[in-house]
Structure formats: structure tokens, C-alpha cells
Amino acid sequence: MRPYLQLATSIKKECLIIVLTGLLGSVSTLTYAGPSIPYMPTWQARHHLQRLVDEAGLKITTAHWPLPSLAIQNALEDLPKDLSPSLVESKEFITKELRKLRWQGEAEAQFRNRSEAPVGFGENYTPGSSIKLTSAATEFGPNDLPIAARIGIRIEENPNSLQTTFTGWGKEGRIQAKLDDAALVTEISGINVQAYAHQNWWGPGWESSLINGSNIPPWMGVGIQRSEVKPSESKWLSWLGPWTFEMFVARAQDPIVVANQPDGFFFIGTRMTLKPWSWVEIGLTRDIQTAGTGRPSGITDILKTVFSGGNTHTFTGNSQQDLSNGVAGYDVRLNCPKGVHCASYFQWMGEDSSGQSHLPNSFMTLAGLDWWSTSGRHRVFTEYMQTYTDSFPWNITKYVGSGYRNWAYPQGFTNGGRWIGSSFGGDARILTVGWLDAEVSRLLKVYTGETSTALGSYNPNTNATGNLIGPHGRLVGFGAQQSFKWNAWAIIPELAYTHLAEGHSIGVNKTNDIRGGVTFSTSFGD
């Protein structure tokens, strides 16, 4: 497998032109000029935002999270005044969330048995208990270069479910302390320059993102992102509609569970999302895994990884060694005709590049359909994903051993030992049906399919290229949670069950697994 890939040179040039022009021209579209804390919505908030986009014409993208909080606030202010009562409720829900982000901190404690379960949008990835404390946002610095900041701290059980004998604190320990939902942001000419610790969700899916999702610990990195999402006033960019661009560099926090795995590799994520018509949203993504102990890691090597044509190799003895491993591809969300509350969405992520074009190839595929009620209370989605890599998305041939894996990084496309993309891992085919009840904060999902890798975390004992002695094969399961209010507290009990038909239980990875837990959260401050 050729692990290095990137989008075609022509696409790279177009994106570069778009970004450079945006740096010069996007500031004129700002309702408010200033730094903005990244906003990652809950699944309820994302549901309401999606309604406002689809029914009221809110000018943001919804397949790229987090987004700058002020960008969302500015777009809300441009909504029509004659919204229906249910859309007014959705707008008020988001306004309240953004106000809370700016003025209130939050404390959260989740208690659950140590067990793996599928991880969808906005769900806690930790296969165990965790505590999180987040401050309100604040601003400081000179008037000509203000800085927005937020501090968040998370203490959790080690999220790598493979490890069962660890003790103490730290990356290889039983308990870990890390930054989470923390950010330091300044705005320069329409671009947020930021250092942060947070998760990303890149894609239109509700249960899985094939490229960068909720299954991993927060990335601790630096990057840039367009400070607005609304359409640009520039005549060169107005055709994009609402759009955003982001690029970041982070260092993985992986414990080493496989021999010869390079420690501390860099992860470089690049994504552009645009909505050129009201009925379609498009995403272009490239993620790169590079450097680390024992691999080419100089600044020249990293720059070649980012900007070269994709055929940059070094040689050690008779062994060819690519500078990077990567996943790149496309996604699209298509609305149903006006007045019909439904949409379809697709995501194709390539594990290889093809020929001299360097276009993504050997695709992993996701396809879904979601429907929401006129009242805005309910959303139902059906989502199919496969991480077997096919030459074309419509193939049904199973190519095993390549999804999220690469010879140079034998531990795979992971952070914290966990799959960076779908929580079902590589070599999986899963159908998910989900029901969201936004009024009572209820979530119910059922799963069926198959997988040849461990759920949640990479496990060499459950791997299509290994002995397959761990839990794998036919999978069925469900997950349920609901939020209740008690004074100033939100109380969220959860229950999940998964069954894998083959293999043997190894540590936290079990053939039959039941997860139970409860989360307590409250806000504090003004």
C-alpha cells in the first residue's frame, strides 16, 4: 500500500488561491472583528443548527466542527425575523449555548464501568470514568491584537482499552490528566490563529466520521481557521457560499502497544468546507500522519510532506520509506426538495493515491439519510459505513488489513491508542439506525454489521493481518441515553450493549459487553 496521498495538484492550487484570497478579502464580511473561541456543539445543538441551516437559511456549514463561536453568532443575527415558532426555539437554544460558552464555566463527572462501545457525534470516548472542568471564555491583550482564551482540564481513565496492567499517571499510566476544550485565539485579517486542545468532527455523519471524529482524546495543536463562515463579499469567492478553511498541526498522545511504532508522530489536518448552493454542502479533507521517533522528522521533511506531489520517499538500506501516512477524500450533503425535511449524505476517504494524479483511491465509504420532524423535536438517521478499502466506493470486494493502517505506523491511524476515524475501526461494515429526541434529550441507536478489528482502540490481537483471537466478526448492539434536569444539574444515564460473534474476550475488549453509566453536569458563573 502506498501510504502517502494528497488531492490532485489542480485542486491544491485552487484551494490555495481560495485561501490566500480569503485572507485578504474575508475581513470585509465580518459583523464583529475579533478572536473567537471554537464552538463544538452537543448533538442537540447540532440538530438545532442543522434545522436553521436547512429551513431558515442560516449561513454556516454543518459538516465541519468546531467553528468559531462568533461566526455562528453573526450568522444567527442575519436570520429572517419571521421565523416559525419552532425555528425561533431552535435559534434561542443556540443563542443560550453561545451565551453559556462566553459567560459560564462547566463541571462534568461521568461514572461508567470500563467498557468499550461505539462513539458517535458529541459522545464521550473514554471507556471508563472521567471528570472535566471548563472555564468561561475571556479576552485580554492590547486593543489592536486581542486574545480570547478558555481553560479546560480533563482527568480520565486511560482511553486505550488494550492496556490493563498500567499504574500511576501519564500517557502509559492508569489515570491521565490533560487539557480539553481549551483555547488561545487571536484574529489577524479574518483568520483565527489558535493553539488549542479539542476534538474535531469532520464530515456529515451522525455516528461516524471516517477522517476525524469523537473517538479520540482532544488534539493538542496549533493552527489557523477562517474567523467567519458566512459568504465572502469578494466577487472571486462569493460563489463558495458559506465556507470555512482550517489547518492544524498536533502531536499524538499514543501509548506504544506495537513494536516499532514511531512515538510522538505529528498529525496534520487540512479541511475546506463550502456550501455553494442552499441544497448542497461539500467537504475536501486531507489528514497526514508523519515524523515520530525513528522516522524522518526535520522541518524540511515535514514541509515536503505537506506541499510535495506525494511521491517523496527516503531509503534505509534496501527498504523504501515514505515520509508520511495519510487519508484524504471528499464528502457531500444533499438536501431533499424544499418543504421535505430530509437529506442524504456521503463521505469517501481514500487510503491510497492513484497513479500520477495523486487523487485519493482505495476508498472507505459512508452513506446516510436523515429525516427530522416539522416541529423540530425528532431526527431519525440511517447510516452505513465500511472501512474495508475499495478501489471505488461502490465496490463490495473486501480488501482487509489496510483501513487506518500502514506499514510505517503499525499501530495505525490512532491518537491515545484509539481510531482517529470511525470507532468501529478498520475492516468494518456497520449499519446504524438512530433516533434523536431533542425535546427530552433522548438518544437511541441500534447497530448491526461486522468488524475484523477491535472496537474503539487498536488491538494487535484483533487485526485482519494478525491472528484474530480477540473479539470480532458479526456485530449487533444498541446504545441509549437521556438527560434529566434536577435543579441546576443535568443527569444523563446511559446503557449500551455490544455482541461480537467470534474470538475471545481480552481485557476490556469483550465478545459480550454491557456498558452502564451516568453523567452529572452543571454550569457556574454569571
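Cys336 and Cys342 are linked by a disulfide, with an S to S distance of 1.8 Å. The model is a predicted one, and a search through the whole of it turns up one disulfide. The torsion about the S-S bond comes out at about -110°, so the bridge is left-handed. The two cysteines fall on either side of a cut-off: buried means under 20% relative accessible area. Cys336 sits at 22% and therefore counts as partly exposed, whereas Cys342, at 14%, counts as buried.

Turning to the interior, the largest nonpolar core has 65 residues, and Leu58, Ile72 and Ile94 are the ones with the most contacts inside it. Helix α2 gives this core its largest share, six residues. There is also a second, separate core of six residues, and among them are Leu237, Leu240, Phe245 and Leu274. As a general point, nonpolar side chains in soluble globular proteins tend to be buried together.

Ile72 makes a handy way into the surroundings of helix α3, where Ile72 is one of the buried residues. Leaving out residues up to four places away in sequence, Ile72 touches Tyr39, Leu49, Trp65, Leu67, Ile94 and Leu98. The helix itself, residues 69–77, is mostly covered, with seven of its nine residues buried. Besides Ile72, the buried set takes in Ser69, Leu70, Ala71, Asn74, Ala75 and Leu76. So what does the covering? The cover over the buried residues of α3 includes two helices, α2 (43–56) and α4 (85–103), along with the strands β1 (38–39), β2 (64–65) and β3 (67–68).

Pro118 is a loop residue, placed between β4 (104–112) and β5 (130–134). Even so, Pro118 counts as buried, at 8% relative accessibility. Apart from neighbours within four places in sequence, the contacts of Pro118 are Glu123, Glu207, Ser423, Phe424, Tyr447, Leu455 and Thr498. With Thr498, the two C-alpha atoms are 8.6 Å apart, although 380 residues separate the pair along the chain.

Then there is the surface. Trp371, Val380, Tyr384, Leu431, Val433, Leu444, Val446, Phe478, Leu495 and Ile514 make up a nonpolar patch of about 790 Å². Strands β22 (378–390), β25 (428–437) and β26 (442–451) each put at least two residues into the patch. Val433, for one, is found in β25. With a relative accessible area of 35%, Val433 is partly exposed.

Definitions and conventions
Residues numbered from 1 in each chain as written. Predicted model: local features only at pLDDT ≥ 70, side-chain atom pairs only at ≥ 80, totals over all residues. Heavy atoms only, no water. Buried < 20%, exposed > 50% of the residue type's maximum accessible area, 1.4 Å probe, protein only. Helix = DSSP H or I, 4+ residues; strand = E, 2+ residues; numbered from the N terminus. Contact = heavy atoms within 4.5 Å. Patch = residues over 30% accessible without salt bridge, like charges linked within 9 Å, V, L, I, M, F, W, Y side chains within 5 Å. Areas by Shrake-Rupley, 256 points an atom, 1.4 Å probe, with all protein chains shown as cover. Salt bridge = Lys/Arg side-chain N within 4 Å of Asp/Glu carboxyl O. Core = buried A, V, L, I, M, F, W, Y, C linked by side-chain atoms within 4.5 Å. Disulfide = S-S within 2.5 Å.
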